[in-house]
Amino acid sequence: MLTYTFCHIKGISCTAEKRLWDGGIISWDDYLKNNKRFFSYKKDQFIRKQLEISKIALEADSIDFFFSRLSNEQQVRVYPHFKNKMVFLDIETTGLSIKDDSITTIAIYNGHTIKNYINGQNIWNFIGDITKYSILVTYNGTKFDIPFLKKFFGINLNLFHIDLCHVLHNLGYWGGLKECERKLGIQRQIEGIDGVQAVQLWSYYKNINDNSALKQLILYNSQDVLSLEHIIIKAYNKIMKDCPVSNNISLTKQPSLL
DNA sequence: ATGTCCGATGCTCTATGATT
DNA sequence: AATCATAGAGCATCGGACAT
């Protein structure tokens with residue numbers, strides 16, 4: 001998995017990495033045991049040293065090592081190795097303005113269970129729960145979810161972050177979460193609700209005590225975090241598609257919302 | 001030595017797409 | 001509708017590989 005990645009090393013781009021793969025150098029050990037030189041002596045020595053350090057970093061589960069060396073769109077590569085430290089996150093709000101609007105609900109999903117947080121009920125439990133994880137996965141969280149969370153809770157979430165919006169852009173997928181899901185062939189359990197309706201559902205709950213509206217909002221919020229897991233797997237497979245051995249990881253069974 | 005080509009990197013600047 | 005981080009373009013630079 002991560003041992004098939006070379007583009008975290010300075011001087012090796014994705015195209016250079018593909019040349020290695022095509023030349024039969026698939027894993028770090030393939031490179032280290034190989035006598036044929038793909039680069040100049042100096043560069044080759046540097047790469048060997050970096051691969052030895054990479055092995056130690058992987059052994060030590062150093063997320064920081066790989067995150068700091070991989071470009072934003074390539075950080076998805078850590079998914080198989082570090083998925084037990086990852087959490088998918090999505091928030092709902094009363095609108096788009098960070099100045100005027102507030103968080104209504106938060107959903108997080110760790111690959112096994114979904115947790116929901118509701119403003120006015122249990123929302124402050126979020127802070128304690130989120131610190132159990134190391135990597136946050138969002139869609140457009142850089143510009144939306146994270147600034148809202150920062151303002152609402154008044155703290156910086158000290159987590160590594162993968163924004164699948166940028167990852168998909170880099171893979172040529174544009175058009176928002178729902179549109180990208182459609183293009184990727186991802187099926188939702190809950191259909192027919194969008195962000196605007198999510199705002200309305202919250203106001204029904206708040207203004208006329210409509211508990212079924214809240215329930216619907218939570219389901220919608222939960223669906224979005226489940227979709228993020230679908231997307232990261234699709235993105236991972238696309239990013240690694242040229243690697244001769246590691247492609248096609250698949251989705252394990254997700255919790256049912258219905 | 002010298003020239004040329006190629007790949008990788010690193011700036012600056014601007015337009016834009018995404019969230020509820 | 002409000003907002004702004006980022007991708008992408010354009011450009012310069014640097015080092016390696018290779019031919020002459």
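## The annotated domain

UniProt positions follow the numbering used here, feature names are shortened, and annotations may be inferred rather than shown by experiment. With that in mind, an unreviewed UniProt entry puts the feature "domain: YprB ribonuclease H-like" at residues 87-234. In this predicted model, the C-alpha atoms at the two ends of residues 87-234 sit 17 Å apart. Helix makes up 47% of that span and strand 18%.

## Around DNA strand B

There are 27 residues around DNA strand B, and the nearest of them are Lys10, Ser13, Lys143, Gly175 and Leu177. By type, the residues of this surface split into 11 nonpolar, 10 polar and 6 charged. On the DNA side, sugar or phosphate supplies 77% of the strand B atoms within 4 Å of the protein, with bases supplying the rest.

A few phosphate contacts are worth a look. The side chain of lysine 10 has an N or O atom 2.7 Å from a phosphate oxygen of DNA strand B. Backbone N or O atoms do the job elsewhere: alanine 16 at 3.3 Å from a phosphate oxygen, and glycine 176 at 3.2 Å from one. Elements giving two or more residues to this surface include helix 1 (14-22) and helix 9 (176-184). Strand 1 gives the largest share, 4 residues.

## A glutamine in helix 11

Glutamine 223 belongs to helix 11 (residues 211-239). It counts as buried because its relative accessibility is 2%. A polar atom of the glutamine 223 side chain lies 2.7 Å from the backbone nitrogen of glutamine 189. Beyond neighbours within four places in sequence, glutamine 223 touches Arg188, Gln189, Ile190 and Leu257.

Key. Residues numbered from 1 in each chain as written. Chains lettered and ligands numbered in written order. Predicted model: local features only at pLDDT ≥ 70, side-chain atom pairs only at ≥ 80, totals over all residues. Heavy atoms only, no water. Buried < 20%, exposed > 50% of the residue type's maximum accessible area, 1.4 Å probe, protein only. Polar contact = N/O pair within 3.5 Å; in protein donor to acceptor, adjacent residues only side chain to side chain. Contact = heavy atoms within 4.5 Å. Near = heavy atom within 4 Å. Nonpolar A, V, L, I, M, F, W, Y, C, P; charged D, E, K, R; others polar.
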